[in-house]
Every structure is written in structure tokens, then in C-alpha cells.
Amino acid sequence: MEIDQAKIPQATAKRLPLYYRFLEGLQASGKHRVSSSELSEAVKVDSATIRRDFSYFGALGKKGYGYNVNYLLSFFRKTLDQDELTKVALVGVGNLGTAFLNYNFSKSNNTRIEMAFDVDRSKVDQVYGDVPVYHFDDIEEKIGDIEVVILTVPSQAAQGITDQLLECGIKGILNFTPARLTVPDDIRVHHIDLSVELQSLIYFLKHYPLK
Ligand code: ATP
């Protein structure tokens with residue numbers, strides 16, 4: 001079945017990696033089918049949303065059977081380009097950056113941090129995890145066809161670095177700094193501010209207890 005990727009809503013597309021990771025685990029443990037309630041429990045998305053999400057790509061769960069794990073995985077692989085390796089770069093080899101370089105998405109075989117950049121001479125020309133660190137001044141020469149950057153620099157440096165990244169053809173930035181970045185419309189920035197996320201969790205626990 002041909003699926004028009006453009007018709008998948010963004011909110012659904014954002015949940016695909018979540019579904020994918022869980023289903024991969026199921027397949028590895030030899031399971032061939034899964035119910036929406038089982039999925040819902042595991043990924044913490046309500047089952048009505050899961051059913052709606054899955055209907056966009058023609059996966060209609062059968063009553064009493066659930067969803068076919070292999071079908072879903074092959075669809076997700078195609079949609080998420082899981083068969084292709086996406087190389088990314090990291091800028092800012094501080095505490096958080098170093099943790100990412102050591103982690104390097106080792107459980108995923110489709111994304112890899114290929115290189116990192118910093119301005120600190122003591123970090124340049126070193127290898128963290130398996131990842132070489134270059135001077136940020138050399139980014140244009142080294143970056144090649146990489147289009148995605150993880151940004152873990154001090155917030156006051158973030159906008160200036162972003163402007164330079166755009167000149168190198170970067171199309172997507174995963175921004176871990178508290179800075180709000182200004183970019184043109186065709187550039188995608190996903191912002192993850194860990195301390196805001198943590199504070200918001202604590203706030204919700206306090207003011208909106210689940211039970
Ligand atoms: P550390 O303990 O190594 O300083 P940190 O996470 O507390 O870690 P930050 O001040 O947030 O440090 O800086 C993160 C990294 O970003 C550092 O390695 C720093 O050298 C680097 N950095 C700072 N300015 C730039 C820049 N303009 N371009 C690239 N990297 C930069």
C-alpha cells in the first residue's frame with residue numbers, strides 16, 4: 001500500500017520513533033502481534049490516539065488480534081528512513097555534549113554522531129567515545145553533507161553558532177541550550193530544555209496529581 005507521507009499529521013509523525021523503538025523490542029523477543037492497549041501501556045499514549053495514528057498508515061488493528069508487528073515495523077522503517085544511516089554533528093563538547101558522544105545512540109543503528117566541534121583547544125583533536133572533535137572554525141571544511149546538529153554550547157553562544165551552522169547548510173538543530181533560536185522558516189529547531197522539563201514534571205506532580 002502506497003502511503004502519502006505528507007498526509008501524516010506532525011503530531012503523529014513525532015510519535016513514530018516511540019512506537020518504533022517499542023515494536024523493535026517486541027520483534028526481538030519474538031512477538032508478532034500487539035494490541036493497542038498493550039502498546040498504550042508501554043509508550044504512555046492513549047489507545048484511541050494510537051488507533052488514529054495507525055489508521056493514517058493503513059494499519060487497521062483486528063479485533064481480538066491486534067496489530068501485526070512486522071507490518072508496522074516495515075512501514076516505520078521506510079517512513080523514518082531507518083534503513084539509511086543519518087549522520088549528525090554535535091557542537092559543544094561540555095558535560096552534556098560529552099555524555100551524548102559517549103552514548104552515541106548506540107541502541108539505534110540509524111543515527112550516529114559522526115563528528116563534534118568545540119573551541120576549547122584542550123578538546124580539539126581529541127576523540128570522545130569514538131567521535132573526533134574538531135575546532136569550530138573548521139566546521140565548513142569538515143561538515144560534508146551532514147544536515148543535523150545537536151547543540152550543547154553555553155546559551156550565550158547559541159545564536160551566533162546557529163547563524164554559522166546555517167551557512168554550512170544545516171537544516172535541523174536539536175537545541176539543548178535554554179536560548180530561543182531565531183532561524184529562517186525552512187530550518188527546523190527542536191528545543192529540549194532539560195531543566196524546564198524537570199521543573200514542569202515537578203509542578204505537575206504537585207498540582208495535578210494523577211490519583
Ligand atoms: P564544561 O565543564 O566542559 O565547561 P559545561 O557543559 O558546563 O562543560 P558549557 O559552558 O555549557 O560547559 O560549554 C559547553 C561546551 O561548549 C564547552 O566545551 C565549550 O568549550 C563549548 N563552547 C563554548 N563556546 C563555543 C563556541 N562558540 N563554539 C563551539 N563550542 C563552544
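Where is Lys44 found? We will come to that residue in Exercise 4, after a few warm-ups. The model is a predicted one, in which local features need pLDDT of at least 70 and side-chain atom pairs count only at pLDDT 80 or more, while totals for chains, interfaces and linings use all residues. Residues are numbered from 1 along each chain as its sequence is written.

**Exercise 1. Describe the overall build of the protein.**

Step 1: Start with the elements. The protein has 8 helices and 9 strands; helices (H or I, at least four residues) and strands (E, at least two) are DSSP runs, numbered from the N terminus.

Step 2: Add the dimensions. The C-alpha trace spans about 60 × 45 × 35 Å along its principal axes.

Step 3: Look at burial. Of the 211 residues, 23% are buried. A residue is buried if 20 or more other C-beta atoms lie within 10 Å of its own, exposed if 12 or fewer, and partly exposed in between, with C-beta atoms placed from the backbone.

**Exercise 2. Work out how α1 and α2 are arranged.**

Step 1: Two packed helices are described by the angle between their axes and the distance between the axes. Here the axes of α1 (residues 10-28) and α2 (residues 36-43) come within 10 Å and cross at roughly 110 degrees. Axes are lines fitted to C-alpha atoms, for helices over the stretch in contact, and angles run from 0 to 180 degrees between N-to-C directions.

Step 2: Classify the angle. The crossing makes α1 roughly perpendicular to α2, since angles of 65 to 115 degrees count as roughly perpendicular, under 35 as roughly parallel, over 145 as roughly antiparallel and the rest as oblique.

Step 3: Find the residues that meet. Leu18, Tyr19 and Phe22 in α1 meet Leu39, Ala42 and Val43 in α2; two residues are in contact if their C-beta atoms, placed from the backbone, lie within 7 Å. By class, this contact has 6 nonpolar, no polar and no charged residues. Ala, Val, Leu, Ile, Met, Phe, Trp, Tyr, Cys and Pro count as nonpolar, Asp, Glu, Lys and Arg as charged, and the others, Gly among them, as polar.

Step 4: Zoom in on Tyr19. Tyr19 counts as buried because it has 24 C-beta neighbours inside 10 Å.

**Exercise 3. Map the surroundings of the ligand.**

Step 1: Of the 17 residues around the ligand, Gly92, Gly94, Asn95, Asp120 and Pro154 come nearest. A residue is near a molecule if its C-beta atom, placed from the backbone, lies within 6 Å of it.

Step 2: α5 (95-103), β4 (111-118) and α7 (155-167) each supply at least two residues of the shell, and α5 gives the largest share, 3 residues. The shell divides into 10 nonpolar, 4 polar and 3 charged residues.

Step 3: Compare with the record. The unreviewed UniProt entry annotates a "binding site" covering Gly92, Val93, Gly94, Asn95, Leu96 and Gly97; such annotations may be inferred rather than shown by experiment.

Step 4: Val93 is found in the loop between β3 (86-91) and α5, and is buried, with 24 C-beta neighbours inside 10 Å. Gly97 is found in helix α5 and is buried too, with 25 such neighbours.

**Exercise 4. Inspect the backbone at Lys44 and Asn104.**

Step 1: Most residues other than glycine have a negative phi. Lys44 has a positive phi of about 60 degrees, and Asn104 has a positive phi of about 40 degrees.

Step 2: Lys44 is found in the loop between α2 and α3 (47-56), and is exposed, with 8 other C-beta atoms within 10 Å.

Step 3: Asn104 lies in the loop between α5 and β4, and counts as partly exposed, with 18 C-beta neighbours inside 10 Å.
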